[in-house]
Amino acid sequence: MKRRPLLAAAAAAVMMTGLTSANAHAVAPGASGSGSLGAVDVIVGGEPVHQLPIAPCDVDGEQTGESGRVTVGDVATFYGGKTTCAVGEGEEAEVTVSGDRFVTDVLRQWGGPRIRLSGYDVSCRTSENGSSGWFELRGIGGIEVPEEVPPNYTAEIAGDDPEGPPIAKVVLNEFVTPEPPDGSMTMTAMRIVLFPEGGEQAGGDITVGTVACDPFGG
């Protein structure tokens, strides 16, 4: 897939990239940032399944994280990776998350696909103009995506009944900023929301690769 200009990451045969930013009028010292390989918070068949953020890092705490394979019940498997949160000499924060494979088969019980990644990277950093973020997904399978993925690109997943409500929605390049903007941002490479319109079968979401940056350290 095509890459957007000014991105210089190594690419696999199937990948997507994006660049987003949030602006503020001024930057105060003490920027903050955090990241994780992913997390799970779902209910399937009436049973809750939770996984706290994997390999979390924070510029004000543990600045590096690393994990091997983590299998979360019958919901998802994260195959490990690393996270780094750092503050530079100019008090700007930079967060980098680099994950290996990810697979979820949870949708198959309702006629949906296996969703997988062969790898993912997501990062953010603060500057005198606010925050910017970047992401890359490699080897994505189970959903169709455009060559260039805009912020908050959403794909709905149909189940056994193609006329029924979606069994999931998948958000790629999820980009969240406060209103009014203050220069901070949260970016998630992929979020899978189960039964977004409600239902008794399941609910909740799975996140893959999340970073957050705030130039004001809030």
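Begin by selecting Phe102, which in this predicted model counts as buried, since its relative accessibility is 0% and the cut-off for buried is under 20% relative accessible area.

Keep Phe102 on screen and add Phe78, whose relative accessible area of 2% likewise makes it buried. These residues make up one of the two aromatic pairs that the structure holds. Looking at the rings of Phe78 and Phe102, you will find a tilted arrangement, with 5.0 Å from centre to centre and 55° between the planes. Colouring by strand then helps to place the pair: Phe78 belongs to strand β7, residues 76–78, while Phe102 belongs to strand β10, residues 102–104, so the contact ties together parts that are 24 residues apart in sequence.

Next, select Trp110 and Phe195, the rings of which have their centres 5.0 Å apart and their planes at 90°, so this pair is edge-to-face. Here the partners come from loops: Trp110 lies in the one between β10 and β11 (115–117), and Phe195 in the one between β16 (185–194) and β17 (202–214), so the pair ties together parts that are 85 residues apart in sequence. If you switch on a surface, bear in mind that Trp110 is buried with a relative accessible area of 12%, and that Phe195, at 9% relative accessibility, also counts as buried.

For the last stop, select Arg101 together with Tyr79. What sits over the ring of Tyr79? It is the charged end of Arg101, which is placed 4.3 Å from the centre of that ring.

Conventions:
Residues numbered from 1 in each chain as written. Predicted model: local features only at pLDDT ≥ 70, side-chain atom pairs only at ≥ 80, totals over all residues. Heavy atoms only, no water. Phe/Tyr/Trp six-rings, centres within 6.5 Å; stacked < 30°, edge-to-face > 60°. Helix = DSSP H or I, 4+ residues; strand = E, 2+ residues; numbered from the N terminus. Buried < 20%, exposed > 50% of the residue type's maximum accessible area, 1.4 Å probe, protein only. Lys NZ or Arg CZ within 6 Å of the ring centre and 35° of its normal.
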